[in-house]
Amino acid sequence: MNVDTLRVSVTDRCNLRCIYCNPLGTHGREDAAGILSFDEICRVVRLCAECGVRRVRLTGGEPLMCEGIADLVRRLAAVPGIEDLALTTNGVFLETMAGGLKEAGLRRVNISLDAADESCYRQMTGFDLFPRVIAGLHRALAVGLAPVRINCVVMRDVNLVQVPVLAEMTLRLPVAVRFIEYCPTTRSTRAASCSVPNREVRERIEARFGMLSSVVLPDAGGPAVYFRIEGAPGAIGFISGRSSAFCHRCHRLRLTSDGRIKPCLHAAQSYDTRSLLRAGADDGTLRDVIARAICEKG
Ligand code: SAM
């Protein structure tokens with residue numbers, strides 16, 4: 001397995017209360033001393049790059065809540081071996097921050113947007129911030145954070161009816177709209193029956209726009225499978241974690257905000273780099289731990 005991607009969670013805090021992820025909020029979950037500092041993150045990323053990682057994605061929590069995030073981007077963009085720096089965000093702060101992030105070396109962005117109107121957005125996230133996210137999306141396109149991808153978690157009786165409107169964005173904008181199957185977690189409050197198989201999501205899109213044709217996108221090494229509505233500048237992706245396992249195609253490691261390296265989101269096993277970093281471990285010791293996590297991916 002060629003493990004070339006590292007997802008770095010820079011914070012556990014989030015400003016939204018998405019019903020599939022964080023409905024009760026995260027206030028007080030994270031104590032500042034417990035999370036990795038920028039120096040510590042940069043060191044772990046440098047050592048991961050020495051072990052073959054080429055792509056880094058910053059996530060959270062909401063990464064744009066992390067003070068000084070553009071400085072972190074600038075430092076990570078300069079790590080030898082890192083060729084691709086991306087960010088996953090809810091887009092609320094993107095309108096003001098996109099330019100600075102691009103200038104600092106961010107290449108591309110994924111924006112979570114599960115609704116096509118203000119009322120559904122409020123139901124999904126708990127806040128009236130739909131126009132801010134749309135403004136952030138347009139700003140990201142304007143400053144050249146490319147490709148822009150939109151992540152949409154589909155839930156029955158919540159936003160399923162919005163799927164064709166979200167898919168229609170690909171006829172107007174050069175974006176990839178990706179439909180993600182809802183996976184119940186310990187924090188999400190909705191039942192597993194809310195999950196909609198992507199087969200059904202695709203049927204809804206094809207009923208409105210005709211047969212989708214398969215496309216291969218550059219930078220599409222992840223779990224999504226891509227299609228296009230005929231004549232559309234954008235693409236439609238499906239991430240089907242519940243209806244079809246894609247573990248065999250997963251080439252990512254995760255670094256949690258408190259410094260644990262996880263071979264897999266669902267893995268019980270994790271490797272505590274924070275204790276090692278703070279106990280003065282040398283690079284060789286840390287590299288061994290990273291190599292062990294990589295080996296575990298098989
Ligand atoms: N705050 C950022 C954002 O909103 O994009 C980054 C963190 S968010 C947890 C990262 C991604 O996880 C989002 O794209 C969201 O779609 C996905 N996600 C979170 N909980 C999920 C769940 N229960 N089922 C499926 N996808 C989920």
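A residue counts as buried when its relative accessible area is under 20%. By that criterion T125, at a relative accessible area of 1%, is buried. I begin with this residue, and I should say at once that the model before us is a predicted one.

T125 belongs to helix α4, which covers residues 118-125. Its side chain has a polar partner: one of its polar atoms lies 2.8 Å from the backbone oxygen of Y121. As for general background, residues three or four places apart in an α-helix point the same way, because there are 3.6 residues a turn.

Let me turn to the ligand. Which residues come nearest to it? Among the 17 residues around the ligand, they are Y20, G61, E62, S112 and C183. By character, the shell divides into 6 nonpolar, 9 polar and 2 charged residues. Three strands each supply at least two residues of that shell: β3 (84-89), β5 (148-154) and β6 (175-181).

Several polar contacts involve oxygen atoms of the ligand. A polar side-chain atom of S112 is 2.6 Å from a ligand oxygen. In the side chain of N151, an N or O atom is 3.2 Å from an oxygen of the ligand. T89 takes part through its backbone, with an N or O atom 3.3 Å from a ligand oxygen. On its own the ligand has 550 Å² of accessible area, and the protein covers 83% of this.

G61, one of the residues that come nearest to the ligand, also deserves attention for its backbone. The peptide bond joining G60 and G61 is cis, with omega about 20°. G61 sits in the loop between β2 (55-59) and α2 (69-77). A further cis peptide bond joins A146 and P147, where omega is about 0°. P147 is in the loop between α5 (130-143) and β5.

On the far side of β5 in sequence, the loop between β5 and α6 (163-172) contains D157. D157 is not a glycine, yet its phi is positive, about 65°. Is D157 buried or exposed? With a relative accessibility of 72%, D157 counts as exposed.

I now come to helix α1, residues 38-50. Its 13 residues reach 18 Å from first C-alpha to last, close to the 18 Å expected at 1.5 Å a residue. Its buried residues are E40, I41, C42, V44, V45, L47, C48 and A49. After α1 comes G52, with a positive phi near 110°.

The cysteines are the next topic. How many disulfides does the structure hold? The count is 0. For C51, the closest cysteine sulfur is that of C48, and the 6.4 Å between them is too far for a bond, because a disulfide requires sulfur atoms within 2.5 Å. C51 is partly exposed, at a relative accessible area of 26%. C120 is likewise in no disulfide, and its nearest cysteine sulfur, in C152, is 8.3 Å away. C120 counts as buried, with 5% relative accessibility.

Finally, I consider I290, in helix α9 (residues 283-296). I290 counts as buried, its relative accessibility being 2%. From I290 to R204 the separation is 86 residues in sequence, and their C-alpha atoms are 43 Å apart in space.

Notes
Residues are numbered from 1 along each chain as its sequence is written. This is a predicted model: local features need pLDDT of at least 70, side-chain atom pairs count only at pLDDT 80 or more; totals for chains, interfaces and linings use all residues. Side-chain values use heavy atoms; hydrogens and water are left out. A residue is near a molecule or strand if one of its heavy atoms lies within 4 Å of it. A polar contact is a pair of N or O atoms within 3.5 Å; within protein, one must be able to donate a hydrogen and the other to accept it, and residues adjacent in sequence count only if both atoms are side-chain atoms. Accessible areas come from the Shrake-Rupley method with a 1.4 Å probe; for residues, only the protein chains shown count as cover. Helices (H or I, at least four residues) and strands (E, at least two) are DSSP runs, numbered from the N terminus. Ala, Val, Leu, Ile, Met, Phe, Trp, Tyr, Cys and Pro count as nonpolar, Asp, Glu, Lys and Arg as charged, and the others, Gly among them, as polar. The expected span of a helix is 1.5 Å times one less than its number of residues. Buried means under 20% relative accessible area, exposed over 50%, partly exposed in between (1.4 Å probe, protein chains only).
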